[in-house]
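User: I'd like to go through this one with you, starting with the empty spaces and then moving on to packing and charges. Can you take my questions one at a time?

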Amino acid sequence: MWVYEKKLLYPVEVTTCNPMLARYLMEQYGGADGELAAALRYMNQRYTVPDKVIGVLTDISTEEFSHLEMLATMIYKLTKDATPEQLEKAGLGAHFVNHGHSLFYENAGGVPFTATYIQSKGDPIADLYEDIAAEEKARATYQWLIDISDDPGINDALRFLRERENIHSLRFRESVEILKEERDRKKIF
C-alpha cells in the first residue's frame with residue numbers, strides 16, 4: 001500500500017540547538033490537534049465513509065504520517081546536543097528523566113498522547129467537518145510556531161506544513177460537498 005522513500009517529504013534544516021522551540025513543536029507531534037492524532041483519526045474514519053471519499057482520507061492520513069516524521073526530525077535536531085541543564089531550563093526536565101533524548105508522544109505541556117484525541121462519529125459528514133476543524137487548528141498552530149521561531153530552516157519547514165494543512169482542509173471541504181450532493185440527490189425506486 002505504501003512506498004517509503006528514505007527521505008523526508010520536505011527538507012528540515014536546523015541551525016542551532018533550541019530545546020524550548022523543540023518543546024513547542026511537541027504540540028504538533030503528540031498534542032490533541034497534532035499530526036499523530038490527525039493521521040490516526042483519518043485512517044480510522046476511512047472505514048465508515050462512502051467509497052467516493054475513502055481515497056481522500058487514506059491519502060491525507062498517509063501524508064500526516066510524513067508530517068509526523070518531519071516534526072520528529074525537527075525536535076530531535078533541536079535537542080540532540082542539548083545538555084540536561086538546557087533541557088531543564090526549557091521545561092523538558094521531566095521528559096529527559098523519563099526518555100533521555102528520545103522522542104515521546106506528548107504535547108508542549110508534557111501531557112502524553114491519548115486516544116481521546118481521535119474523533120470519529122461514524123457519520124461521514126460530521127466526521128469530515130471535524131476533520132476540517134482539525135486541519136484549521138493545525139494551520140493556526142503552525143502559524144503561531146512560525147511567529148515564535150527565529151530559526152530560518154525550521155520556519156521554512158513549518159510554512160510548508162502550514163500550507164499542506166490548507167490543502168487538506170480544502171480537500172475535506174470538497175468531500176463534504178460530494179457527500180451532501182449524494183445525500184440530497186433524488187432517489188427513484
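User: Before we get to who lines what, what counts as a cavity, and what counts as a lining residue?

Analyst: On a 1 Å grid over the protein atoms alone, a cavity is a set of points where a 1.4 Å probe fits but cannot get out. This is a predicted model, by the way, and totals for linings use all residues. As for the lining, a residue belongs to it if it has an atom within 4 Å of a point.

User: With that in hand, which residues line the second largest cavity?

Analyst: That cavity holds about 40 Å³ of space. H6 and helix H2 (35-45) are the elements that give two or more residues to its lining. The full lining is Asp 33, Gly 34, Glu 35, Ala 38, Arg 41, Tyr 42, Glu 64, Ala 134, Glu 135, Ala 138 and Glu 165.

User: Which element supplies the largest share of the lining of the second largest cavity?

Analyst: By class, that lining divides into six charged, four nonpolar and one polar. Its largest share is four residues, and the element they come from is H2.

User: How many charged residues are there in the lining of the largest cavity?

Analyst: The largest cavity has a volume of about 90 Å³. Its lining includes Ala 22, Met 26, Ile 75 and Thr 79, along with His 95 and His 101, and H1 and H3 are the elements giving two or more residues to it. Sorted by class, there are six nonpolar and five polar residues, and the charged count is no residues.

User: Now the open spaces. Which residues are closest to the centre of the largest pocket?

Analyst: The largest pocket comes to about 340 Å³. Its lining is a mix of five nonpolar, four charged and two polar residues. Out of 11 lining residues, those closest to the centre are Val 3, Tyr 4, Glu 5, Thr 62 and Ser 66.

User: Is Tyr 4 buried or exposed?

Analyst: Along the chain, Tyr 4 lies in the segment before helix H1 (19-30). The cut-off for exposed is over 50% relative accessible area. Tyr 4 has 56% relative accessibility, so the label is exposed.

User: How far apart in space are Tyr 4 and Ser 66?

Analyst: In sequence the two are 62 residues apart. Going C-alpha to C-alpha, the separation of Tyr 4 and Ser 66 in space is 9.8 Å.

User: On to packing. Which element gives the largest share of the largest nonpolar core?

Analyst: This core has 25 residues, and among those touching the most other members are Leu 25, Met 70 and Leu 71. At least two residues come from each of H1, helix H3 (51-79), helix H6 (124-148) and helix H7 (152-184). The largest share is seven residues, and they come from H3.

User: Leaving aside neighbours within four places in sequence, which residues is Leu 71 in contact with?

Analyst: Leu 71 is one of the core members that touch the most others. With those sequence neighbours set aside, the contacts of Leu 71 are Leu 25, Gln 28, Tyr 29, Glu 35, Tyr 142 and Leu 161.

User: Is Ala 90 buried or exposed?

Analyst: Ala 90 sits in the loop between helix H4 (84-89) and helix H5 (93-99). Leaving aside neighbours within four places in sequence, Ala 90 is in contact with Pro 19, Met 20 and Arg 23, and its C-alpha atom is 4.7 Å from that of Met 20, 70 residues apart along the chain. Buried means under 20% relative accessible area. Ala 90 has 5% relative accessibility, so the call is buried.

User: Last topic, charges. How many salt bridges does the structure hold?

Analyst: Side chains of opposite charge can pair when their charged atoms come close. Examples include Lys 80 with Asp 81 at 3.4 Å, N to O, and Arg 183 with Asp 184 at 3.0 Å. There's also a network linking Glu 136, Arg 139 and Arg 173. The total number of salt bridges is 10.

User: Arg 162 and Glu 163 meet in a salt bridge too. Which label does Arg 162 get, buried or exposed?

Analyst: The N to O distance for that pair is 2.9 Å. Glu 163, at 37% relative accessibility, counts as partly exposed. Arg 162 has 16% relative accessibility, so its label is buried.

Note on methods
Residues are numbered from 1 along each chain as its sequence is written. This is a predicted model: local features need pLDDT of at least 70, side-chain atom pairs count only at pLDDT 80 or more; totals for chains, interfaces and linings use all residues. Side-chain values use heavy atoms; hydrogens and water are left out. On a 1 Å grid over the protein atoms alone, a cavity is a set of points where a 1.4 Å probe fits but cannot get out, and a pocket is an open set with protein on both sides within 12 Å along at least five of seven lines; lining residues have an atom within 4 Å of a point. Grid points are joined across faces, edges and corners, and a volume is the space filled by probe spheres set on the points. Ala, Val, Leu, Ile, Met, Phe, Trp, Tyr, Cys and Pro count as nonpolar, Asp, Glu, Lys and Arg as charged, and the others, Gly among them, as polar. Buried means under 20% relative accessible area, exposed over 50%, partly exposed in between (1.4 Å probe, protein chains only). A salt bridge is a side-chain nitrogen of Lys or Arg within 4 Å of a carboxyl oxygen of Asp or Glu. A nonpolar core is a set of buried Ala, Val, Leu, Ile, Met, Phe, Trp, Tyr and Cys residues joined through side-chain atoms within 4.5 Å. Contact means heavy atoms within 4.5 Å.
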